[in-house]
Amino acid sequence: MIHLHTSTTPVEMLPGLVRRTLVTGPAMMLVEFTFQANVQVPTHAHPHEQVGYVASGRVRLTIDGQSHELTAGDTYCAPANIPHSALALEPSIVIDTFNPPREDYK
């Protein structure tokens, strides 16, 4: 199954934060997030395991109360039901995989 980036639908989740669901399979989902600088994703938790890759930029990611500054090439895992948040310190692109797929992102 092939999905072209040009066929994805951008969704503005917050001012300055755009989500594109790139592809969804039976067990996982790949999502691109494009951040403008200083955009904050508030602390939240969900039943999906979330594994991510910082494709470009710089973000401060907080998982279970521990904060780290990540730059291009860095990765992370937010286990299911664990509180986490993000702050874009500069324009950034982050790629996340969710297992199972998020129904609200389809």
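Strands β6 and β9 run antiparallel and are joined by 5 bridges, where two strands pair if DSSP finds at least two bridges between them. Within this pairing, Val 59 has Ala 88 in β9 as its bridge partner. The model is a predicted one, so to speak of local features takes a pLDDT of at least 70, side-chain atom pairs count only at pLDDT 80 or more, and totals for chains, interfaces and linings use all residues. Residues are numbered from 1 along each chain as its sequence is written, and side-chain values use heavy atoms, with hydrogens and water left out.

On its other pairing, β6 (residues 58-63) meets β7 (residues 66-71), again antiparallel, over 6 bridges. Arg 58 sits opposite Thr 71 in β7. These two strands make a hairpin with 2 residues between them, and Asp 64 in the turn has a positive phi of about 55°.

Overall, the protein comes out with 10 strands and 0 helices. Both element types are DSSP runs numbered from the N terminus, with helices being H or I of at least four residues and strands being E of at least two. Reading along the sequence just gives β-β-β-β-β-β-β-β-β-β.

The N-terminal part starts with β1 (residues 11-14) and β2 (residues 17-24), which pair in the antiparallel sense over 3 bridges. Val 11 is found opposite Arg 19 in β2. The hairpin of β1 and β2 has 2 residues between the strands, and Gly 16 there takes a positive phi near 85°. Next up, β2 is joined to β3 by 7 bridges, also antiparallel, with Thr 21 standing opposite Val 31 in β3. This β2 and β3 hairpin has 4 residues between its strands.

Then there is β5 (residues 49-56), which is joined to β10 (residues 92-99) by 7 bridges, running antiparallel. Here Gln 50 faces Phe 98 in β10 as its opposite number. β5 also pairs with β8 (residues 75-78), antiparallel and over 4 bridges, and Tyr 53 has Thr 75 in β8 as its bridge partner.

A few backbone details stand apart from the strand pairings. In general, most residues other than glycine have a negative phi, and most peptide bonds are trans. Asn 38, not a glycine, nevertheless has a positive phi of about 70°. Asn 38 lies in the loop between β3 (29-35) and β4 (40-44), and is exposed, at a relative accessible area of 62%. For this label, buried means under 20% relative accessible area, exposed over 50%, and partly exposed in between, with a 1.4 Å probe and protein chains only. Asn 81 also has a positive phi, near 65°. The loop between β8 and β9 (84-88) is where Asn 81 is found, and at 53% relative accessibility Asn 81 counts as exposed too.

Pro 100 is in the segment after β10, and the peptide bond joining Asn 99 to Pro 100 is cis, with omega about -5°. Pro 100 is partly exposed, its relative accessible area being 41%. Leaving out residues up to four places away in sequence, Pro 100 touches Ala 27, Pro 47 and His 48, a contact meaning heavy atoms within 4.5 Å. Pro 100 and Val 51 are 49 residues apart in sequence, yet their C-alpha atoms are 11 Å apart in space.

As for the chain as a whole, a compact globule of 106 residues would have a radius of gyration near 13 Å, and the protein agrees with this at 13 Å. That radius is taken over C-alpha atoms, and the globule rule is 2.2 Å times the number of residues to the power 0.38. Along the principal axes, the C-alpha atoms fill a box of roughly 35 × 25 × 25 Å. Buried residues account for 39% of the 106. Of the contacts between residues at least 6 apart in sequence, 62% join residues at least 24 apart.

The accessible surface adds up to about 6000 Å², with 57% of it belonging to carbon and sulfur atoms; areas come from the Shrake-Rupley method with a 1.4 Å probe, and for residues only the protein chains shown count as cover. On the charge side, there are 6 positive and 10 negative side chains, and the centres of the two sets lie 4 Å apart. Lys and Arg count as positive and Asp and Glu as negative, while His and the chain ends are not counted. Each charge is placed at NZ of Lys, CZ of Arg, CG of Asp or CD of Glu.
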